[in-house]
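The following exercises concern a sheet, a ligand shell and helix crossings. Each task is followed by a solution in steps.

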Amino acid sequence: MKALRAVPRAHLIAGLCLVALLVYPIINPWQPYPQAVMLLGFLLAVQASSWNIISGYAGYISLGHSMFLGLGSYTVGIIAVRSGINPLWLAPLGGVTAVVIAVLIGSVVLRTRGHAFVIITIAMLLAAQIFAVNFKGFTQGSDGITLELPFWSRDFQNIPFYYLFLGLLVLTVLFSAWLRRTKFGTGLVAIREDEGKAASIGVNTTRFKIVAYAASAFFIGVAGGIYSYYLTFINPIGSFTILGSVTIVLATLAGGRGTLYGPVVGAFIVQLLGEAATVYGGGSQSRVLMFGLALMIVVLFVPRGLLPTIQGWWRRRHPVQVEYTDQAGALGRGLVTAHDRALAEVSAVNAADAVAQGEILLDVRGVSKRFGGLTAVDDASLTVRKGSITALIGPNGSGKTTLFNLITGGMAPDSGEIWFEGRRIDTMRPWERGHLGLGRTYQVTRLFKDMTVQQNVVAPLPNSRWRTMFSDSVSGHEAARARELLDIVGLGSFANQPAGALSYGQQKLVELAQVLMLQPKLILLDEPAGGVNPSLLGRLTEVIRELNRSGVTFLVVEHNIPLVLELCDPVVVFSRGASIAEGPPGTIREDPVVLDAYLGDDWRPADDPAGQGTSTREAVQ
Ligand SMILES: Nc1ncnc2c1ncn2[C@@H]1O[C@H](COP(=O)(O)OP(=O)(O)OP(=O)(O)O)[C@@H](O)[C@H]1O
């Protein structure tokens, strides 16, 4: 009983519904029509649940997904007619064809972002239809393919298909639930929320999208194979219809895009509405009208979908009491053991580097970046040595953040080279740089606001191994490590809060924990102190120092000069897109060039009011 109580309510309800659906044909066996309506509902739910992987989790809208149903049907139909093998045994081949085509299309289209994908998916659906009409030797053109009748007795009516589609639906939902639990699933949501940020934390966005697209095609392809046997006839118009795709989209939007059960609930609503429209509305045209109306209602009144809307309403009526914990409280309870353990892990990764302190870790050589007529970074050079906390300071607009973007791969330089640990990285993709141990935080935090704090921290991928990609992000080693990193920054008690609900300063700390998940060798911190209160700032500097002692190198952009002078050595000063001075903090604060360009008179020594001192560059020469 206790174990049953631990199961989330949604899973319990889903389990009960499944039991009801399993016994329905047994207690009500002589009803072929409702059985047919239900099995078509299962078929739509399989498609919606699959579509949800690429379009719900990853946010890439495919408007041609019914193509995979047609591809599955044709694969099975063509092979069955030629070989005489029963179509049911061939159904998995429908899934394989769908995956192969999805990988081929995805490899080209998913390298882009945005609307191109939507349009090309529609084009592919129409192309598949044209192919089926014109390659008559293969597909029998518009005449279609007629398959053998099911081998079982007519007395069984639709019951075998009912159970086949129900079984496929259960597999699809279990697969979707498993995917969402993995780091792959978390990565897909990260792509949906902020693709650039996802890439910077080691998510190979291209590979993730292609795999998601293929995963979203497999069960639809299998379903297509079974469907062809159910219909015993396939033709181009019926198999590659845009209305099929629209129905999938409508079902998922109605139930709740990005949720596990939303697409299933939506599929049944749409299926029943469509059936009611056909029966009571005088034919299949009224079905189209009904879908159009339903789409308008969903978009206007339940844009998040039915399940998330009901969930939101329920949470408002039954709010979960959260103990109020300000940051001081959270820090007070620091879990020393977990904290020490996590630090030890970081040290283990960087131990070898710590020994080799002083070597050049990052080498920026003559890099430039222009935005139209503005040269934001102008032939800039900079080195960061292993084991240092190097500061990069300079006036607003001097190109510091742009340089960070060039180093981490958010932007490509117009000229120059960037080397990290002896390897040239300026042509690498952002996630490859992340896998080398290059992490960053942002001036304005870029957490994934719809995820919990823990999901945010668990999301980064320190390498490109498939095993890491499909490791469990909810429990197990990765989740435990994320919790330990949250303890390091004193936010362990906030693990299950939505990231968007945290204060700005707390979000900065979560972003630091997130970057630590990459097991970085070098962390670029973009204004870590901005908007952070003094007690949090104390914690932040303490964490930076501890990490640095354990071997992590830092490059810090910061306007809080006392903090820079206390924490960093050396200090590099930027002005107009290039370095104008570099040296230890004590020298930099008195450098007349720096005083003129950035620090101003407040920092000018009392005995040098006219600014006659020697510049750092001159002193070095
Ligand atoms: N994507 C962009 N498109 C056009 N101009 C840009 C872009 N990004 C930065 N700039 C311009 O490049 C210059 C350098 O900006 P950048 O953000 O790198 O400066 P910064 O030193 O980080 O400033 P701050 O200290 O205020 O954060 C600015 O003039 C800015 O307007």
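**Exercise 1. Determine the strand order of the open sheet, its edges and the turn between neighbouring strands.**

Solution. The open sheet has six strands, in the order β8-β9-β10-β5-β11-β12, and its pairing is mixed. The coordinates belong to a predicted model. Pairing on one side only identifies β8 (438-440) and β12 (578-583) as the edge strands. With direction ignored, neighbouring strands of this sheet are turned by 20° against each other on average.

**Exercise 2. State how strands β9 and β10 run relative to each other, and how many bridges join them.**

Solution. Strands of a sheet may pair in parallel or antiparallel fashion, through backbone hydrogen bonds. Strand β9 (residues 522-526) and strand β10 (residues 553-557) run parallel, and five bridges join them. Aspartate 526 stands opposite valine 557 in β10.

**Exercise 3. List the residues around the ligand, then assign them to elements and classes.**

Solution. Step one is the list: Phe371, Leu374, Ala376, Gly394, Asn396, Gly397, Ser398, Gly399, Lys400, Thr401, Thr402 and Gln443 surround the ligand. Step two concerns the elements: β4 (374-385) and α19 (400-408) are those that give two or more residues to this shell. The most comes from α19, which gives three residues. Step three is the division by class: the shell has three nonpolar, eight polar and one charged residues.

**Exercise 4. Classify the crossing of helices α3 and α14, and describe their contact.**

Solution. The axes of α3 (residues 32-57) and α14 (residues 262-280) come within 8 Å and cross at roughly 140°. Because of this angle, α3 is oblique to α14; the threshold for roughly antiparallel is over 145 degrees. The crossing is right-handed. On the α3 side, the contact includes Val37, Leu40, Gly41 and Leu44, which face an α14 set including Pro263, Val264, Gly266 and Ala267. By class, this contact has 10 nonpolar, five polar and one charged residues.

**Exercise 5. Classify the arrangement of α3 and α13, and give the residues that meet.**

Solution. The axes of α3 and helix α13 (residues 242-255) come within 9 Å and cross at roughly 75°. Angles of 65 to 115 degrees count as roughly perpendicular, and α3 and α13 are therefore roughly perpendicular to each other. From α3, Leu44, Gln47, Ala48, Trp51, Asn52 and Gly56 take part; from α13, their counterparts are Thr247, Ile248, Ala251 and Thr252. The class count for this contact is five nonpolar, five polar and no charged residues.

How values were computed: Residues numbered from 1 in each chain as written. Predicted model: local features only at pLDDT ≥ 70, side-chain atom pairs only at ≥ 80, totals over all residues. Pairing = 2+ DSSP bridges. Helix = DSSP H or I, 4+ residues; strand = E, 2+ residues; numbered from the N terminus. Axes fitted to C-alpha atoms, helices over the stretch in contact; angles between N-to-C directions. Near = placed C-beta within 6 Å. Nonpolar A, V, L, I, M, F, W, Y, C, P; charged D, E, K, R; others polar. Parallel < 35°, antiparallel > 145°, perpendicular 65-115°, else oblique. Left-handed = near helix turned anticlockwise from the far one by under 90°. Contact = placed C-beta atoms within 7 Å.
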